[in-house]
Every structure is written in structure tokens, then in C-alpha cells.
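Biologist: Hi, do you have a minute to go through this one with me? I'd like to start with the cysteines and then move on to some helix packing.

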Amino acid sequence: MTATSASTRTTPSSLQIWLPLVSLWLLWGSTYLGVAIVVEVLPPLLSTGLRLIAGCLLLGTGLVLFKGPGVLRITRVELAYSALMGVSLLGMGLGTVALAERFVPSGITALVVSGIPLWIVLLRLRSGDRPATLTLAGVGVGIAGLTFMLLPGGTVPRTGSDADVVFWSIAVLCGSLSWAYFSWRSTGYCLPKNSLVTSTYELLSGGLFTLGIGAITGERLDLQGMTTAAWSAWIWLAVASALGFAAFSWLLANVPLSLVSTYAYVNPAIAVLLGVLILGEALTRDVLIGLTVVLGGVILVIRGERRRS
């Protein structure tokens, strides 16, 4: 998601900050569990597209009810850039996550995604920016942790082989790079002033993109095999898409980025814990070491950015 410049406003209370922040941790941290349950019975791309569109409808309806229908009126240029962001962030990012979780444990998938702050630092470095030394150290530590964890034999596959884990983990990494690159470039894009409106159109475009790719690749939706657990997980994912982006957008506009960025190392911990407790995913020594090293690297990056600011 992208931030918009916040106008001068009253400093929010601790409760106003921590309620959406903790909600963001829990909502986004639990989505990996939800995806793992859904893709057991539904095609990954079609189910992702439908839940993004459902999230769009929930968020858009809320905006219309509180702000009026005019709030969704944007220019063609704003629509085009919102669609670009939706496809590159949500379509490619969440689409690869859904495809990967057929083979890769949900906690490991979340851990690979958590490297987004590391890739943004590398993009800034390539553009001539000079991040703090602590930030660069964090990037090195984080990449080393990801490499160690994804070595063949380091992660027990949900299904398939070690090669499937490595291949789809790299696919998630590519989706994360797309998310990082377009998030980094988005400051120069002409997007709607209201970040929630931007999120609504991003959800719509990301959903249509994944639905289209799913249909082209031969996915077919068959609801006969849907279980109560799968229905509950899909509904939760749709709600989390809307509420999570709403919380994220509000936090970006009202609190320091260093605090918002804590989701990058809290979400994987929640995802790993839920995967172990509910799905019975294996927590091997290599995964524990990789988890510790990667999260340590992300923490160094965020602390380095906090000191620099």
C-alpha cells in the first residue's frame, strides 16, 4: 500500500494507536494460515481473486456509507496507477503466496514475505541513496537467514519435494520483490488522495488480475468439496483484506513508519506459531535458526531507519 501525506491533526492516543496496530499484526499474521486451509480445496488464484474482490466490496461499501458515493470518484490517471499497484502488489504478491502454500509451510511463506523491507533498502541503495550502516548490516543478516532456511532439507514440505519448496519460495520472493519495487516507486505515482480509496481500487484490480490468470491457466471453481473450515478461512481472508488495509492505511497516515513496520517481524512469528499449532507444520532446527536470523535482520533494518530519521 502507499501512504499519502497526512495533514496536521491531533496526536492519537495510545489506545487509538495500539488497537489498529495489534489488529494489523493479528489480521495479516493469520492470513497465511487461512490461505493454507483454502488452497487445500480451492484453486489458489481463483480463491485469491474472489477474496480480494470481496475485500474491495467490504471496504468500498464502508467508504460509501461513511463518506458518500462521491468518495470513490477518481480520475483515469489515478485509476490507472491504482490498477498498476493492485496488480503488482496484491495480484503478484498474494497470487504467488497462494500458489506457494500448496507446498511451502505457511510460516515459511510469511518469513520469505517479511524480507520486503530488505529489498526496499537495496532498491534505495541502487538509486544512490545511502542507508545507515545498521540498516545495511540488517540487509546482509536477513538475506543470509533466508538463504540458510531455504537450502534443500531445511524446510519440511507441506506436499511435494524439497525442490518444490525451493522453487515456490523463490516465486514468493519474486512476488515480494514486485511488492517492494512498486511500493518504492509509488511515491511518484498519481494516486487518489484518500489512501482507503486507493486500497479499494487496488483490491479490485488485484482480484480481477488473479481471477483472469487463474481462468487462463485452467483453474476451475468447484465448491462441492468446500468444508466448514475452508468456508470460515475464506470469509476470514476477505474480512482481513478489508480491515487489514484499513488499519494499515490509517497507521501510515498517523504514526511513525518505524512503528508501522513492526508488522514485518511480528507477522511471521504469528504465522509460524499458528502453522505449528493448527496445521501441525514441522518446526525444524534450520527453520528456527532461519527465523531468528531473518527477523533479526529486519529488526536491524527498522532500527537503522529509526535512528537515521
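Biologist: So, how many disulfides does a search of the whole structure find?

Modeller: Zero, going by the whole structure. Keep in mind that this is a predicted model.

Biologist: Okay, why is Cys-56 not in a bond?

Modeller: Because the closest cysteine sulfur, the one in Cys-190, lies 19 Å from the sulfur of Cys-56, which is too far for a bond. A disulfide needs the two sulfur atoms within 2.5 Å. Cys-190 is likewise in no disulfide, with the sulfur of Cys-56 as its nearest at 19 Å.

Biologist: And is Cys-56 buried or exposed?

Modeller: Cys-56 is buried, at 8% relative accessible area. Cys-190 is partly exposed, at 37%.

Biologist: Switching to helices: how many residues of H4 are buried?

Modeller: Eight of eight, so helix H4, residues 106-113, counts as mostly covered. Among the buried ones are Gly-107, Ile-108, Leu-111 and Val-112.

Biologist: Now H1, how does its axis cross that of H4?

Modeller: The axes of H1 (residues 14-38) and H4 come within 9 Å and cross at roughly 130°. That angle makes H1 oblique to H4, and the crossing is right-handed.

Biologist: Nice. Which residues meet there?

Modeller: From H1, Tyr-32, Leu-33 and Ala-36; from H4, Ser-106, Thr-109, Ala-110 and Val-113.

Biologist: What's that contact like by class?

Modeller: Five nonpolar and two polar residues, with no charged ones, make up the contact of H1 with H4.

How values were computed
Residues are numbered from 1 along each chain as its sequence is written. This is a predicted model: local features need pLDDT of at least 70, side-chain atom pairs count only at pLDDT 80 or more; totals for chains, interfaces and linings use all residues. Side-chain values use heavy atoms; hydrogens and water are left out. Buried means under 20% relative accessible area, exposed over 50%, partly exposed in between (1.4 Å probe, protein chains only). Helices (H or I, at least four residues) and strands (E, at least two) are DSSP runs, numbered from the N terminus. Axes are lines fitted to C-alpha atoms, for helices over the stretch in contact, and angles run from 0 to 180 degrees between N-to-C directions. Angles under 35 degrees count as roughly parallel, over 145 as roughly antiparallel, 65 to 115 as roughly perpendicular and the rest as oblique. A crossing is left-handed if the near helix is turned anticlockwise from the far one by less than a right angle, and right-handed if clockwise. Contact means heavy atoms within 4.5 Å. Ala, Val, Leu, Ile, Met, Phe, Trp, Tyr, Cys and Pro count as nonpolar, Asp, Glu, Lys and Arg as charged, and the others, Gly among them, as polar.
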